[in-house]
Amino acid sequence: MIRTLATGLAFAASVLALSACEKQEAAAPPESAAEAAAPAPAPVLPVSINASMVAMVSEAADPIWLDAYDPPKNPKEWRELEYHAYQMAVTGKLIQLAGTGPSDAGWVKDPQWIGFADEMSAAGMDALAAAKARNVVAVDKAGDRLVEACEGCHKIFKPSLTSMGIYHAPSFPPGYTPKEP
Ligand code: HEC
């Protein structure tokens, strides 16, 4: 009898412990699901979009355009074109993150901005495919698509003077002393 009672109690205790455990386990997933659903804050670039344009976008685009006129001559030069194409494809996504420029946060929310930036990235992927295929005509086409993305966006978003005063051409505007990107 005592033995039965003790066993029964032990059993009851273990059921309680089990159900408490189950409750905890049952409670855990919704909490972590809620945490997972909360949007993580987007990373902020440590420099302005203006600086990214000068130091990364332009630096990757110029050689792609030049390669359409003066095609790569050896495997190393083709590989460099591939790298510039990768840089273009990635910077198209990178400039969808705001940096330290005063207008950056507003720009990156604009659907037109996102559209031009995606287009720039897609042109980079075209350039990559062209480089891998060693196809100069396709490099030229990718370059044209690229120009349209740059110009389309600049027409709408780029003020005549940049907000952060960083220019690609070191002597523009006249009398201007270049800032470090
Ligand atoms: C999604 C929009 C967008 C795209 C795409 C874009 N730009 Fe820009 N770019 C801007 C804005 C806006 C500024 C001015 C930033 C500021 O004022 O803070 C700028 C500034 C620049 C600057 C610095 C200012 C200057 O005149 O020297 C250069 C260089 C530049 N862009 C080159 C390019 C090139 C090359 C491409 C294409 C390969 C390109 N950009 C694509 C929006 C864009």
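This is a short talk about two helices, H2 and H6, and two arginines in a predicted model.

Okay, let's start with H2. That's residues 49-69, so 21 residues, and at 1.5 Å a residue the helix should span 30 Å. The end C-alpha atoms are 29 Å apart, which agrees. There is a bend along the way, though: about 35°, at Ser-58.

Now, which residues of H2 are buried? At the start of the helix you've got Ile-49, Asn-50, Ala-51, Ser-52, Met-53 and Val-54, and then further along come Val-57, Ala-60, Ala-61, Ile-64 and Asp-67. And what do they pack against? Four helices: H3 (75-94), H4 (104-109), H5 (111-132) and H6 (136-157).

Let's hop over to H6, then. Here we have 22 residues, and from first C-alpha to last the helix reaches 31 Å, close to the 32 Å you'd expect at 1.5 Å a residue. Buried in H6 are Val-139, Ala-142, Gly-143, Leu-146, Ala-149 and Cys-153. If you look down the axis of H6, those buried residues fall within an arc of 125°, so they line one face of the helix. Flip to the other side and you find the exposed ones: Val-137, Asp-144, Val-147, Glu-151, Lys-155 and Ile-156. As for partners, the buried residues of H6 pack against H2, H3 and H5.

While we're on H6, have a look at Arg-145, which is in that helix. Is Arg-145 buried, exposed or partly exposed? There are 16 C-beta neighbours inside 10 Å, and burial takes 20 or more while exposed means 12 or fewer, so Arg-145 counts as partly exposed. Setting aside neighbours within four places in sequence, Arg-145 is in contact with Ala-123 and Asp-126. Another residue to look at here is Met-120: its C-alpha is 7.7 Å from that of Arg-145, with the two positions 25 residues apart along the chain.

Last stop, the loop between H5 and H6, where Arg-134 sits. What catches my eye is the backbone: phi of Arg-134 is near 55°, a positive value in a residue other than glycine. Arg-134 is partly exposed too, because 13 other C-beta atoms lie within 10 Å.

So, to put the two helices back together: H6 is one of the helices that the buried residues of H2 pack against, and H2 is among the partners of the buried residues of H6. That's what I had, so over to you.

Technical notes:
Residues are numbered from 1 along each chain as its sequence is written. This is a predicted model: local features need pLDDT of at least 70, side-chain atom pairs count only at pLDDT 80 or more; totals for chains, interfaces and linings use all residues. The expected span of a helix is 1.5 Å times one less than its number of residues. The bend at a residue is the angle between axes fitted to the seven residues ending there and the seven starting there. Two residues are in contact if their C-beta atoms, placed from the backbone, lie within 7 Å. The arc is that of the directions from the helix axis to the C-beta atoms.
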